[in-house]
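The exercises below are to be worked through with the sequence and the coordinates at hand. Each task sentence is followed by a solution that goes step by step.

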Amino acid sequence: MFQTFDDTADPALGIERAKRLREELKKRGLDGFLIPRSDEHQGEYVPPHAERLHWLTGFTGSAGMAVVLLDKAAIFVDGRYTLQVRNQVDVASFEPKSLIDEPPVRWIEQNLTKGAKLAYDPWLHTVDAVARYKAAAEKAGASLVPVESNPLDAVWADQPEPPTAPVLPHALEFAGEPAADKIRRIANGLMSDDVNAVVLTMPDSIAWAFNIRGSDVPHTPLPLAFAILHEDGRADLFIDERKLGPEARAHLKPLAFIHPRGKLLAALDELGQRKATVLVDPATCASAIHDRLKAAGAEVKRGTDPCELPKACKNEAEIKGTRAAHLRDGRALTKFLAWVGTEAPKGGVDEIAAAKKLESFRAETNELRDLSFDTISGAGANGAIVHYRVTTATNRPLQRGELFLVDSGGQYLDGTTDVTRTVAIGEASAEQRDRFTRVLKGHIGIATARFPEGTSGAQLDAFARMALWKAGLDYDHGTGHGVGSYLSVHEGPQRISKMGGVPLKPGMIVSNEPGYYKTGAYGIRIENLLVVTPPAMIEGGERPMLCFETLTLAPIDLACVERSLLTQDEADWLNAYHARVRAALTPGLDEATLSWLKDATRAI
């Protein structure tokens with residue numbers, strides 16, 4: 001199994017751990033400390049030794065932050081975790097706040113006392129974030145001060161060691177472009193921008209650029225490392241060399257000079273001594289790297305990680321691979337949905353059993369390398385917790401009259417999948433069908449969108465919400481996120497959300513996942529992955545338009561659809577999608593599953 005269901009959140013532990021942290025802060029003459037949910041690479045998924053926010057508070061979500069002062073503390077999470085944080089954290093010790101509506105900077109301004117010293121670990125915060133916290137502290141008449149060693153680590157007695165998982169080359173048949181060509185392409189961009197070097201801090205950028213993969217963090221095939229790419233095409237890779245076996249060394253030798261991870265600071269100093277112009281991404285680069293470059297005398301140029309956009313725009317081999325991955329994954333998911341449809345109404349199926357069964361169907365493909373995240377297996381009220389993770393403590397049965405939401409994905413060498421289906425156990429109520437169909441209308445609105453070049457995800461986001469808005473409803477998460485190619489299931493810069501300002505380009509993969517959540521009752525989400533297709537003319541049109549190709553292949557539960565709410569065009573889309581699903585998945589399915597699929601994809 002690639003997932004466990006242990007209950008690792010114990011709110012009571014936060015009381016004692018916060019006390020110990022405050023004692024350490026007092027020893028150091030500090031009045032507070034910032035605890036982000038990040039490591040030195042600022043990624044969403046972090047290794048166990050960097051799970052500082054979880055260790056301190058009990059919160060297990062993938063995004064959040066705590067601010068601990070000597071007399072009070074707060075924890076900040078986004079809309080996905082509003083319910084979860086209150087279940088996992090001692091709210092008397094850490095007051096829950098919204099990252100969006102009540103951000104940490106506002107809380108800092110209002111709660112820091114004049115003259116206070118608020119500390120932070122410069123390796124765990126980006127350049128942009130430090131600037132915001134510094135301004136907030138100064139508004140309160142206080143100061144933001146970096147620490148050389150993390151005070152939380154000082155009181156975390158059994159903190160795990162950093163990971164040393166092996167690095168493996170990513171085959172050209174899946175990558176679609178030799179690593180040497182990628183590095184040369186990035187170097188040419190540096191030369192044209194009069195930049196001498198760029199510091200790469202995001203492991204997914206390094207994995208993409210060097211065509212390597214690893215397993216240092218859960219569910220994402222990343223090797224934790226830093227790299228410096230130079231304008232002349234030279235590259236330096238800073239990595240724990242215990243990760244490099246003969247195959248990895250042979251692959252990397254023509255591409256880069258390999259250094260121990262601890263040599264990074266010396267390399268930054270050398271760039272400064274040369275008075276080099278060095279590019280860093282202030283949105284993803286640790287403040288410690290930026291500050292070291294400045295102190296050493298380098299000219300720091302702020303800009304976007306140059307790997308981000310080319311990594312997001314998948315090449316032909318990557319798109320071919322993700323289609324194959326989704327076909328394989330779709331068969332596994334369909335077998336699971338058929339099993340749920342048959343077994344759950346009888347009773348005896350719970351959330352953990354369902355998650356295990358789904359993973360077993362994916363494992364039967366013999367191609368599964370990992371899950372792309374812990375399966376969200378939410379029955380009834382648990383489905384209303386957007387990023388719910390089932391544990392032995394929260395496990396619920398799938399019961400008649402309730403909805404079951406399952407959000408899951410797999411990591412395959414040729415692609416990363418992410419799909420959500422919501423199904424009725426037995427009959428759905430009239431309210432559930434209404435809400436489900438409104439979510440479906442939004443899903444179809446995105447899937448069928450045509451839009452000119454330069455259109456951003458923010459401009460499309462309302463398409464997914466309109467039917468909900470008309471009923472006075474909404475959801476508190478983005479409609480879609482970017483997805484990598486055997487990389488992170490959450491990838492930038494593209495996204496469909498109110499904050500998605502980056503134009504969508506051909507080859508970008510993005511999720512389409514509107515939802516609706518009724519606290520204490522049920523949750524609904526319908527998610528497919530899409531790839532942006534090249535611009536084409538519409539008959540009679542004047543400008544070429546981009547559109548989406550739906551990659552995900554799995555039936556949408558017709559028992560939850562209120563046909564009268566769909567327009568004829570929407571019903572036609574659903575029928576055409578289901579016909580495509582049936583035709584694509586039929587080869588390789590057993591007779592029982594095929595019989596179920598034919599009924600599940602019937603025309604309405």
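**Exercise 1. Determine which residue just after α11 takes a positive phi, and describe the buried side of that helix.**

Solution. Just after α11, Lys 275 takes a positive phi of about 55°; this value, like the others here, comes from a predicted model. Turning to the helix itself, which spans residues 264–273, the buried residues are Leu 264, Ala 267, Leu 268, Asp 269, Leu 271 and Gly 272. The next step is to ask what these residues pack against, and the partners are the strands β8 (197–200), β10 (226–230), β11 (235–238) and β13 (277–280), together with helix α12 (287–296).

**Exercise 2. Locate His 219 and Tyr 486, each of which has a positive phi although it is not a glycine, and decide whether each is buried or exposed.**

Solution. His 219, with a phi of about 65°, lies in the loop between β9 (212–213) and β10. Its relative accessible area is 9%, and because buried means under 20%, His 219 counts as buried. Tyr 486 has a phi of about 45° and is found in the loop between β22 (480–482) and β23. With a relative accessible area of 10%, Tyr 486 is likewise buried. The strand β23, which covers residues 491–496, is also the place of Pro 493, and Pro 493 is joined to Gly 492 by a cis peptide bond with an omega of about 5°.

**Exercise 3. Work out how α4 is oriented relative to α5, and then do the same for α18 and α19.**

Solution. For the pair formed by α4 (residues 104–111) and α5 (residues 127–139), the axes come within 7 Å and cross at roughly 25°. Angles under 35 degrees count as roughly parallel, and α4 and α5 are therefore roughly parallel to each other. Their crossing is right-handed. At the contact, Pro 104, Val 105, Ile 108 and Glu 109 of α4 meet Arg 132, Tyr 133, Ala 136, Ala 137 and Lys 139 of α5, a set with six nonpolar, no polar and three charged residues.

For the pair formed by α18 (residues 568–585) and α19 (residues 591–600), the axes come within 10 Å and cross at roughly 165°. Since angles over 145 degrees count as roughly antiparallel, α18 and α19 are therefore roughly antiparallel to each other, and the crossing is left-handed. Here His 578, Val 581, Arg 582 and Leu 585 in α18 meet Leu 597, Lys 598 and Ala 600 in α19, and these residues divide into four nonpolar, one polar and two charged.

**Exercise 4. Identify the residues that touch the most other members of the largest nonpolar core, and list the contacts of Ile 556.**

Solution. The largest nonpolar core has 53 residues, of which Leu 440, Phe 451, Phe 548 and Ile 556 touch the most other members. Helix α16 (residues 430–447) supplies the largest share of this core, namely six residues. Once neighbours within four places in sequence are left aside, Ile 556 is in contact with Arg 421, Phe 436, Leu 440, Ile 526, Trp 573, Leu 574, Tyr 577, His 578 and Ala 600. A second, separate core of 34 residues includes Ala 179, Leu 224, Leu 244 and Leu 252. As general background, nonpolar side chains tend to be buried together in soluble globular proteins.

Technical notes
Residues are numbered from 1 along each chain as its sequence is written. This is a predicted model: local features need pLDDT of at least 70, side-chain atom pairs count only at pLDDT 80 or more; totals for chains, interfaces and linings use all residues. Side-chain values use heavy atoms; hydrogens and water are left out. Axes are lines fitted to C-alpha atoms, for helices over the stretch in contact, and angles run from 0 to 180 degrees between N-to-C directions. Helices (H or I, at least four residues) and strands (E, at least two) are DSSP runs, numbered from the N terminus. Angles under 35 degrees count as roughly parallel, over 145 as roughly antiparallel, 65 to 115 as roughly perpendicular and the rest as oblique. A crossing is left-handed if the near helix is turned anticlockwise from the far one by less than a right angle, and right-handed if clockwise. Contact means heavy atoms within 4.5 Å. Ala, Val, Leu, Ile, Met, Phe, Trp, Tyr, Cys and Pro count as nonpolar, Asp, Glu, Lys and Arg as charged, and the others, Gly among them, as polar. A nonpolar core is a set of buried Ala, Val, Leu, Ile, Met, Phe, Trp, Tyr and Cys residues joined through side-chain atoms within 4.5 Å. Buried means under 20% relative accessible area, exposed over 50%, partly exposed in between (1.4 Å probe, protein chains only).
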